[in-house]
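Here is a friendly walk through the labels in this model, asking in each case what earns the label.

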Amino acid sequence: MEKVMIFDTTLRDGEQAAGCRIGAPEKVKIAHQLASLGVDVIEAGFPCSSPEDFSAVQRIAGEVKGPVICGLSRAVAADIDACGRALEKAAKPRIHTGIGVSDIHIMGKFKPEKYGLTLEEKRRTTIDMAVAAVQRARQYTDDVEFYSEDAGRADPVFLFAILQAVIKAGATVINIPDTTGYAMPPQYGRLIRDIRENVEGAGQVIISVHCHDDLGLAVANSLAGVENGARQIEGTMNGIGERAGNAALEEIIMALRTRRDFFHLTTDINTREFYRTSRMVADALGMVIPPNKAVVGDNAFSHSSGIHVDGFLKERQTYEIMEPADVGFPESRVVLTARTGRHGVFHRFAELGVQLSEQEKEQIYERFLRVADKKKEVFDEDLIAIVNDELSLQKQTYTLLSSKVSCETGAAPRVMVRLGRGAEVLEAEGRGVGPVDAAYKAIAQAVGLTPEISRYEIQGITGGTDALGKVTVHMDHGGLKVLGKGASTDIIEASIKAYLDGLNKLAALGGL
Ligand code: KIV
Ligand code: ZN
């Protein structure tokens, strides 16, 4: 299969997203991650734009090994020289230079008379500037990419002419940006094909696609370009970039990979690094990835509606065309809502280790629906609370028959408990640093279980020394978490009741 080169411009075009800036240290860290992802080219920045960006490109050029390291410049001598200097230490340096080629750009940007009086004259100047830029860049490196800015809206005949001229001048890659995201996929695909067919020398260089997402078509346009012979794709992680952003590389690459049967193309990308890279970039920019974002959004592998969950639980492929592990995503998830259906809900209960009879399921499902109608998503904690509430009162596995507390100054407190378990009587004595500690040790010994107590809270319900004490214990046994509650005017008894309540809930959930 033929390979398509992946050109990542997260650190240059991506960073041009409104309100975003990535400092040099963060850029270096992301560049290392992009190298682990396996991109062919990292566009590290625009060296002449600021001293910080110059230093970021210089550091990346010096220390990131593997990919070609590229710097952007306008068709201006000072820009190109800054690129050349910043890339001095790169093992594989590339200078990316170019100029606006649509009439809108030419007439809008080159208004002064020095560029010519008519469109024709200004077009000629544009070609001269482009050729001079490529020739200057070639003095620094043999790898020069030329961008024909706003090619998506350019007159194709002029575009072919300028591309032909820069190839002759030494450009090795020709980039065809749809800078304003204006093109339609069949149109952009045809443009790439027409360049291959009409530009002399096009067969000797790599044609690159660089699409923006103003109409939500950046990925579709990039793929159309590749279908028509482009062999380099430019884009950013998470699709960040100017205005609506650039083409999202993770989406393009997963499309090429998932539909290999259609494209017959391959890349060197280690797709398992997508999730990590995506999160690293989002964190650096303080950006939130929309949950419904393809490939890396939180919901990309979540299933919620009854029909989907039922199908997914029976056979993953019914509703998933990619495996979460293939993009480094933690795992597929069933999100419980009022639309999830019984299969999904009880599958989750089973995963939580909660065993329920058919009769209990009826009762629990009815309560689940009432909760789900009020909430967007029902979490595991909600499921446990539902089951605690609905079932634990009916199953009193352990009851307190009596307790005796001995506290004496200078001696460790002792507590003796007598518990009922059905017809059985369980008895034990415990010593502890305080009477509650002693009581809990006594119970653990009597029942032969040691659930972990992660928190113990006591609260006076009414004022005064005769107040009712309310105790809450957070218990965890084999991953099953419950809250035990007890109240009494005797705080040791309240504590014992809370512990037994917790044990009864664990027993009701099938966790003991
Ligand atoms: O969108 C664009 O035209 C660009 C060029 C500078 C490559 O980002
Ligand atoms: Zn761009």
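Labels and their reasons

Q: Where does Lys27 lie?
A: Lys27 lies in helix α1, residues 24–37. Helices here are DSSP runs of H or I with at least four residues, strands are E runs of at least two, and both are numbered from the N terminus. The model is predicted, so local features need pLDDT of at least 70 and side-chain atom pairs count only at pLDDT 80 or more, while totals for chains, interfaces and linings use all residues. Residues are numbered from 1 along each chain as written, chains are lettered from A and ligands numbered from 1 in the order written, and side-chain values use heavy atoms, without hydrogens and water.

Q: Why does Lys27 count as buried?
A: Its relative accessibility is 0%, and buried means under 20% relative accessible area (exposed is over 50%, partly exposed is in between; 1.4 Å probe, protein chains only). Lys27 therefore counts as buried.

Q: What makes the pair of Lys27 and Ala44 a polar contact?
A: A polar atom of the Lys27 side chain and the backbone oxygen of Ala44 are 3.1 Å apart. A polar contact is a pair of N or O atoms within 3.5 Å; within protein, one must be able to donate a hydrogen and the other to accept it, and residues adjacent in sequence count only if both atoms are side-chain atoms. The 3.1 Å falls within that limit, so the pair qualifies.

Q: Why is Lys29 called partly exposed?
A: Lys29 also lies in α1, but its relative accessible area is 46%. That value falls between the buried and exposed limits, so Lys29 is partly exposed. Its C-alpha is 9.8 Å from that of Val281, although 252 residues separate the two in sequence.

Q: Why is Asp40 called buried?
A: Asp40 sits in the loop between α1 and β3. Its relative accessible area is 12%, which is below the buried limit, so it is buried. The Asp40 side chain reaches the backbone nitrogen of Ile6 at 2.7 Å.

Q: Why does Ser55 count as partly exposed?
A: Ser55, in helix α2, has a relative accessibility of 26%, and so it is in the middle class. Ser55 and Gly23 are 9.9 Å apart, C-alpha to C-alpha, and 32 residues apart in sequence.

Q: What makes β2 and β3 a pair?
A: Two strands pair if DSSP finds at least two bridges between them. β2 (residues 5–8) and β3 (residues 41–45) have 2 bridges and run parallel, with Phe7 opposite Val41. The chain goes from β2 through α1 to β3 in a right-handed β-α-β crossover. Right-handed means that, with the strands pointing away from the viewer, the path from the first strand over the helix to the second runs clockwise.

Q: How many bridges join β3 to β4?
A: There are 4 bridges between these parallel strands, and Glu43 stands opposite Cys70 in β4. The crossover from β3 through α2 (residues 51–63) to β4 is right-handed too. As for cover, 5 of the 5 residues of β3 are buried.

Q: Which strands pair with β9?
A: β2 pairs with β9 in the parallel sense over 4 bridges, and Phe7 has Glu234 as its bridge partner. β8 (residues 206–211) pairs with β9, also parallel, over 3 bridges; here Ser208 is partnered by Gln232. β8, α8 (residues 218–227) and β9 form a right-handed β-α-β unit. From β9, Gln232 and Glu234 point one way and Ile233 and Gly235 the other, and all are buried.

Q: Which residues are around ligand 1?
A: The shell is Arg12, Asp13, His96, Tyr147, Glu149, Asn175, Pro177, Thr179, His210 and His212. A residue is near a molecule if one of its heavy atoms lies within 4 Å of it. β6 (144–149) and β7 (173–178) each supply at least two shell residues.

Q: What makes the pair of His210 and ligand 1 a polar contact?
A: A polar side-chain atom of His210 lies 3.1 Å from an oxygen atom of ligand 1, which is within the contact limit. Side-chain atoms of Arg12 and His212 each lie 3.0 Å from a ligand oxygen. The protein covers 93% of the 260 Å² of accessible area that ligand 1 has on its own, by the Shrake-Rupley method with a 1.4 Å probe (for residues, only the protein chains shown count as cover).
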